[in-house]
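Here are a few exercises on helix packing and salt bridges, each with a worked solution. Have a look at the model, then try them in order.

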Amino acid sequence: PTEQGLERRALLRDTWMQAQNKSSPFALQGEDRHSAVVWFYIERNTESPASMVPVEEEGRLHGDILIVNPVDEKADSVDTLGALTRWVRVAYHERFEFVLLVEDDTFVSL
């Protein structure tokens, strides 16, 4: 977890995520708004537990952070993707049309 990550998540919450938030004054109306759920996936820093305190507080405040234990060094991104896919399926009981997993340096145009 880094200060840059905190700033990026805040930027997303303050911009395009507002358009999907029904309680926001900036929310898109009616059919222009799509149902979307955003989770920020953050790997727990086991070497510096104190660095996780701000992330945990941010998660409690916004309710959109999924903190996971570090993946075994031998595991690869396929294992991580599989674990996230299983989590989404269990958490949302298959009530979703698609899942989009992106890195924090990715630009997505919907």
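**Exercise 1.** Is the crossing of H1 and H3 left-handed or right-handed?

*Solution.* A note before starting: this is a predicted model, where local features need pLDDT of at least 70, side-chain atom pairs count only at pLDDT 80 or more, and totals for chains, interfaces and linings use all residues. Residues are numbered from 1 along each chain as its sequence is written, and side-chain values use heavy atoms, with hydrogens and water left out.

Step 1: the axes of H1 (residues 3–14) and H3 (residues 53–62) come within 12 Å and cross at roughly 10°. That makes the two helices roughly parallel (angles under 35 degrees).
Step 2: the H1–H3 crossing is left-handed (the near helix is turned anticlockwise from the far one by less than a right angle).
Step 3: H1 brings Leu6, Arg9 and Arg13 to the contact (heavy atoms within 4.5 Å), and H3 brings Val55, Glu58 and His62.

**Exercise 2.** Which residue forms a salt bridge with arginine 9?

*Solution.* Step 1: look for a side-chain nitrogen of Lys or Arg within 4 Å of a carboxyl oxygen of Asp or Glu, which is what counts as a salt bridge.
Step 2: the partner is glutamate 58, with the closest N and O atoms 2.8 Å apart. The two sit 49 residues apart, arginine 9 in H1 and glutamate 58 in H3.
Step 3: both are buried (under 20% relative accessible area).
Step 4: glutamate 58 also pairs with arginine 13, at 2.9 Å between the closest N and O atoms. Arg9, Arg13, Glu58 and Asp64 are linked in a salt-bridge network.

Technical notes:
Axes fitted to C-alpha atoms, helices over the stretch in contact; angles between N-to-C directions. Helix = DSSP H or I, 4+ residues; strand = E, 2+ residues; numbered from the N terminus. Parallel < 35°, antiparallel > 145°, perpendicular 65-115°, else oblique. Buried < 20%, exposed > 50% of the residue type's maximum accessible area, 1.4 Å probe, protein only.
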